[in-house]
Amino acid sequence: MILLKYIEKLGDLFLYYVDQAGRMGIFLVNVIINIFKLPYYKISHITKQIYNIGALSIFVIIFTGLFTGMVLGLQGYNTLRKFGSEGLLGSAVALSLIRELGPVLAALMVTGRAGSAICAEIGIMRNSEQIDALECMAIDPHKYILAPKFIAAIISMPLLTAIFDVVGIFGGYIIGVKLLGLNEGSYFSGMYKDVEFQDIYMGFVKSLCFGLIVVWICSGKGYFVHLERKGGFGAEGVSRVTTNAVVLSSVSILVLDYFITSVLI
Amino acid sequence: MNAEPMIRLIDVRKRFASQEILKGVNLSIYEGKTTVIVGESGKGKSLILKHILGLIRPDKGKVLVEGNDINKIGRKDLKAIRSKFGVLFQNAALFDSMTVFDNVALPLRERTKASEEEIRKIVNEKLDLMDIEGSNDKYPAQLSGGMRKRVGLARALVLNPKIVFFDEPTTGLDVAKSNEMYRVFFKTQSKLGYTALIVSHDVPKIFKLADYVALLHDGVIQDCLPPEDFQTSENPFIKEFVQKTMGYIYESEQVEG
Ligand SMILES: Nc1ncnc2c1ncn2[C@@H]1O[C@H](COP(=O)(O)OP(=O)(O)O)[C@@H](O)[C@H]1O
Ligand SMILES: [Mg+2]
């Protein structure tokens, strides 16, 4: 009897997750259709979101990018010196940033800064019936609220990643060249030689995918807060769903990173 | 009651977890008429509204708006139907990151091609009508409950809807304001001739306005009658409701009769 109950619970849980996955899938398709559907939005809707998601993240990105580059410089220098190839520091720093660390870390920072905000904002709109109100005004929330956020995230993420990369390379330069006395020419000329279009392409594809993942998971979680299994009501419901969204989107970024790398490498 | 009803609920049932809230609701709403739903709090009046708006799916039964089953039609048709609606939610559901002005302007900005200047004119007109000039730049959180309701009403009426749904429009308003609200309502309705469905607790007062009054009790619409017939109905629940809410009038009539 107890076993039966246990199996029933497990089945319920399974159904809940299948249901949620389906819901999120349909949600994504709906938003993408609405991105391309006429009439197009006023430009101000999108610029406002780019400001929220992109511009307000710049400081965090610069800060973390700088320190990531600096630590790469430090670690890279000490490791490469063992093989007598300090001259490769420039390309080592640039390649690890462009191919891997830039997109991933930028996406994680954006998840924490903007993703959580998106999730909480939409969750509150859902719980205070603002989304219902939009629907009753015959304004599709997919178009009015979500599409601008998706567009802004997909535009912002590659730009933020680029900033992260550049600042990181500069951080490596400060440590490698200014602090540890590496030759300035070799730091940059190695980079010119070794960084190929392929590498930049990989970083770009990753940043686009991560941008989509972050905005999809965070806004979707908020949008469906009322359907949460543990109850999505009130402030507590929103806070729980926001935590979930940040964790889920961080994990997805790292998992997806592996798969994109394995395809593009 | 010979014309086709504009909105019909047929045997609508809805259960949440172990609680059956609606147990077979049947209700018809006629074009150009004002129908008022009364009943105790927490018995599902707002829920009926949400079923008609297509926000909640019934477990069983049908909701027909202008003959279309609102849960079977496509997104586009649903949108077309909803574009005739003006809705005031019980909690007003204002957009809390927008100013009062932007809240009321939103339907105009998103659904019409009106210029900013025209929008300003229309919005100010509606806000004046609701007696809330001077709060244009405030945010909903800075308003009192009654003011929020009135902003919600202005927003619901800004596109001159064909069908309006007001969920407790006067709850939280003082007596003078609520009387004023009914005057405004009466005026706009006789001018625009919309169909109205109102949830209200203002019992004797609302009878002057209503063409039909419906009592929701025990998950069922007990009856939907013109106010005079409602007050003299033999239905035990309606009788009890009338007695409870306007007891003294009823009793004095009894004495005189
Ligand atoms: N989304 C929901 N989930 C669970 N229960 C709900 C939901 N919406 C309404 N209810 C329940 O339905 C009942 C009726 O609610 P409502 O329609 O708001 O009552 P009222 O007649 O006061 O407007 C309440 O007991 C409420 O708990
Ligand atoms: Mg209610």
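User: Glad to have this one open. How many salt bridges does the structure hold over all chains?

Analyst: There are 25 of them, counted over all chains. Please keep in mind that this is a predicted model.

User: Let's test one, then. What makes A:Arg23 and A:Asp19 a salt bridge?

Analyst: Their side chains come to 3.1 Å, N to O. The cut-off is 4 Å between a side-chain nitrogen of Lys or Arg and a carboxyl oxygen of Asp or Glu, so the pair qualifies. Side chains of opposite charge can pair when their charged atoms come close.

User: And where do A:Arg23 and A:Asp19 lie?

Analyst: Both belong to helix α1 (residues 2-36) of chain A, and they are 4 residues apart, about one turn of the helix. Chain A as a whole has 9 helices and 0 strands. Its C-alpha trace spans about 65 × 55 × 30 Å along the principal axes.

User: Now the interface. How many salt bridges are there between chain A and chain B, and why does B:Arg75 with A:Asp140 count as a salt bridge?

Analyst: The count between the two chains is 3. For B:Arg75 and A:Asp140, the closest N and O atoms are 3.5 Å apart. That value falls within the 4 Å allowed, so the pair is called a salt bridge. Polar contacts are a separate tally: 6 residue pairs across the interface of chain A and chain B, both partners at pLDDT 80 or more.

User: Which elements give two or more residues to the side of chain A that touches chain B?

Analyst: They are α4 (89-127), α5 (130-136) and α6 (141-179) of chain A. The largest share, 6 residues, comes from α5(A). By class, this side has 9 nonpolar, 5 polar and 5 charged residues.

User: What is the area buried between chain A and chain B?

Analyst: About 1,800 Å², with carbon and sulfur atoms giving 55% of it. On the side of chain A, the residues that lose the most area to chain B are A:Glu129, A:Cys136 and A:Met137, together 33% of what that side buries. The contact takes 19 residues from chain A and 22 residues from chain B.

User: What is A:His45 in contact with, leaving aside its neighbours within four places in sequence?

Analyst: A:Tyr144, A:Pro148 and, from the other chain, B:Glu110. Each of these has heavy atoms within 4.5 Å of A:His45, and therefore each is called a contact. A:His45 sits in helix α2 (residues 43-53) of chain A. From A:Glu129, A:His45 is 84 residues away in sequence and 21 Å away in space, C-alpha to C-alpha.

User: On to ligand 1. How do you know that B:Lys45 makes a polar contact with an oxygen atom of ligand 1?

Analyst: A backbone N or O atom of B:Lys45 lies 2.8 Å from that oxygen. The limit for a pair of N or O atoms is 3.5 Å, so this is a polar contact. B:Leu47 passes by the same rule at 2.9 Å, and B:Gly44 does so at 3.0 Å. The protein covers 65% of the 560 Å² of accessible area that ligand 1 has on its own.

User: Which element gives the largest share of the shell around ligand 1?

Analyst: Helix α1 (residues 45-52) of chain B, with 3 residues. The residues surrounding the ligand include B:Phe16, B:Glu40, B:Lys43 and B:Gln90. By class, the shell has 3 nonpolar, 5 polar and 3 charged residues. B:Gly42 is also in the shell, and Gly is counted as polar, so B:Gly42 belongs to the polar group.

Methods: Residues are numbered from 1 along each chain as its sequence is written. Chains are lettered from A and ligands numbered from 1 in the order in which they are written. This is a predicted model: local features need pLDDT of at least 70, side-chain atom pairs count only at pLDDT 80 or more; totals for chains, interfaces and linings use all residues. Side-chain values use heavy atoms; hydrogens and water are left out. A residue is near a molecule or strand if one of its heavy atoms lies within 4 Å of it. A polar contact is a pair of N or O atoms within 3.5 Å; within protein, one must be able to donate a hydrogen and the other to accept it, and residues adjacent in sequence count only if both atoms are side-chain atoms. Accessible areas come from the Shrake-Rupley method with a 1.4 Å probe; for residues, only the protein chains shown count as cover. Buried area is the accessible area (1.4 Å probe) that two parts lose on being put together, summed over both.
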